[in-house]
Structures are given as C-alpha cells and as structure tokens.
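Trainee: Could you take me through one part of this model in detail, and then set that part against the rest of the chain? I would like to follow the reasoning step by step.

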Amino acid sequence: MTGDKRTRPLPSSRTPVDLMSAGLHALPRPVAVVVGAGGVLGAAHVGVGYALEQRGFVPDMIIGTSVGALNGAMAAANPGGAAPWLDDVWTRLRRREVYPLGYPSSRASLFTDRGLRRLIARSGLPSRIEDLAVPFTAVAMDLGTGAPALLDHGDLESALLASTAIPGMLPPVDREGRTLVDGGVIAYVPVLAAQQAGAASVVVLSTGPESSPLSPVIPRRRARAIAARAGLLLMHHQIERDLHEVSRHIPTVVVPTGVEAWPSPWDFGHSQRLISTASRTAGRFLDGLRISGPGLYRVDDPPTASAGPVEASTPFASGVGR
C-alpha cells in the first residue's frame, strides 16, 4: 500500500464524524448498502466507498451482485476501512489476472475462474459468509429457474464465484443443488434483495452509464452498436423498475459516480481515474443530501414520493469521467 492512498485528504478540514451529512444520518435503520454490477467500472465503487467512510458511515448490511459482490464482501470484512485496501487491489489489477486465458476445465465458459479464486484467496476473507463483520448477501441467478439466489450463509468463495459467473465467460457454480450464474443478469442493482432482507433504507453504489438518464440516441447501423444499445436499454429498464418499486416504500439513495462512458471490458488501466472521479462526485452529492421519507434520491431526478423529499441537488461537472 502506497503512502498517498492511506493519507488521501478529506474534502474538508472537518472530522469524519462532522462530515456525517444530515442525509446519511437521517436514513432509517437498518440501512443497506447495495453494490451493483459493472465489470471494470467496479473501481468506481471504491471511490464511493472513500466518500462514505470519510463521512463516518457504516451500513447495517451489504448486498452485492457480480463485481459488487466482490467489493461488497471486502467492505463487509472491514467496515469503515475497506476503501484504501480495495484501492490498492483495483489499481494493481490486470486482465490476465481476472480472465486468464487457457483451456477451461469444461466447455461451459471461455475463461477459467482460477484468477478470481486467487484474488479471493489473497483477500484474507473468512471462509464463511456468517463470519463477515457486516451481514452480507451475494446475489446470483439460478440458471434452471431464472430466479434470484440470495446467498447469505455458508461458503463465501463459492458464493462470490457464483455471483460473478458471467454466462459464457466464466463457469457456472454448483451450490446447494443449484447451478448458479452472475446475479447481474436478473438483479444488476439488487435493491429488491435489500428490501427482502429487511432494510429500512438503501444506499446504492452503482457504476456509471447504466444508472444515468439515457438520451434518445440512435446508434450507428452496425451490428455491434445496435446490440450494445439494446443491451444498455434492457439493463437500464431493469434498474429503473427495481429502483422505483423499492423507493415507493423506503428511502432509496443512488450515489453518483461521475462516470459517463464505458472503458473496454478488459481494460483495468482506468481504475485510479475512476476511483478519484467517483470519490469527488459522491462526496459532493452526499454533503448535499437531505432525506424526508420514502422516495428516490439521486442527481437530476425529481423525487418520486408524494411526501416530497428534497433530493440532493449539489451540481457536478457533466464531463467528469469522460
């Protein structure tokens, strides 16, 4: 760990306790942090983690899917102090470590999962989910039924491998009689799982373009561009549906990252930029956050609750992260 990461300055001279914003402080307990999918953009989760930790915020439970399950488990193991360690992990990651080439053990996937197994082994996590310091759930999908699989007990390694098993790219995981794959297929941002777990409020750590308002852009008439646009729309509609459903009942805060463009899915070289951008953007948002009952609280989105909660409207540069 380099010295500059451990001593990364707070955004003001106030103490972490002073920085606990009225919004975070007002969230009803138990409060869940929901960590969404996003591949290489998972580095943005680390930046938001810095902003939350600098404000003295520790959740009562963490729900993660795909890369969010990996980040979430590490945060659950070290509440209030995971961001510097995750920063070091992400800024050292390279494609060959996560998606190692080589003939897989079966024909079920393009890559093996040995890279993820090594990453999990090096993390120092406990062997069982119950031994994490903060209650944790990894979300996967049952490949047989299409139902979400909420993994909140038992072997931690297999839960994380299941939640990150991108169909076709990484092998499915057989666990407790079910064949499981990446939870992002069915719950890209698993707020429904948080509500089911009994959360009275939710703080969402998403990643970037998929959780921002989409402009009505028609892509170039090329197969790759059309497929990418259709996939983004599918993902966006799933996220919006789940956010609006949960926010009808409990305060649902979507923390912005300032990330507005996707890097290559294999390119981990942008991690430091993503972390810094998300830390600044999330910090400004959190310091302007005010909570007033159930509703959806996020940038550039009017509150959805009839009670009229005031959203955090602290501006941030629209070009950040491009």
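Mentor: The expected span of a helix is 1.5 Å multiplied by one less than its number of residues, and that is the rule to hold in mind while we look closely at helix H10 in this predicted model. Helix H10 runs over residues 223-247, and because its 25 residues should span 36 Å at 1.5 Å a residue, the 36 Å found between its end C-alpha atoms agrees with the expectation.

Turning to the side of burial, where a residue counts as buried when its relative accessible area is under 20%, the buried residues of H10 are Arg 229, Leu 232, His 236, Gln 238, Ile 239, Glu 240, Asp 242, Leu 243, Val 246 and Ser 247. The cover over these buried residues of H10 includes helix H9 (191-196) together with strand E7 (201-205), strand E8 and strand E9 (295-297).

One of these covering elements, strand E8 (251-255), leads on to another place worth a look, for Asp 267 sits in the loop between E8 and helix H11 (271-287). Asp 267 is partly exposed, with a relative accessible area of 30%, and although 226 residues separate Asp 267 from Leu 41 in sequence, their C-alpha atoms are 9.7 Å apart in space.

That pair can be set beside a figure for the chain as a whole: of the contacts in the protein chain with a separation of 6 or more, 75% are accounted for by residues 24 or more positions apart. The chain has 11 helices and 9 strands, and 52% of its 322 residues count as buried, while its accessible surface comes to about 14,200 Å², with 57% of that belonging to carbon and sulfur atoms.

Some backbone details in other loops complete the picture. Ser 66, in the loop between strand E2 (61-65) and helix H4 (67-77), has a positive phi of about 60° although it is not a glycine, and at 9% relative accessibility Ser 66 counts as buried. Glu 176, in the loop between strand E5 (173-175) and strand E6 (178-182), likewise has a positive phi, near 55°, in a residue other than glycine, but Glu 176 counts as exposed, at 53% relative accessibility. Finally, the peptide bond from Arg 29 to Pro 30 is cis, with omega near 0°, and Pro 30 lies in the loop between helix H2 (22-26) and strand E1 (31-35).

Definitions and conventions. Residues are numbered from 1 along each chain as its sequence is written. This is a predicted model: local features need pLDDT of at least 70, side-chain atom pairs count only at pLDDT 80 or more; totals for chains, interfaces and linings use all residues. Side-chain values use heavy atoms; hydrogens and water are left out. Helices (H or I, at least four residues) and strands (E, at least two) are DSSP runs, numbered from the N terminus. Buried means under 20% relative accessible area, exposed over 50%, partly exposed in between (1.4 Å probe, protein chains only). Contact means heavy atoms within 4.5 Å. Accessible areas come from the Shrake-Rupley method with a 1.4 Å probe; for residues, only the protein chains shown count as cover.
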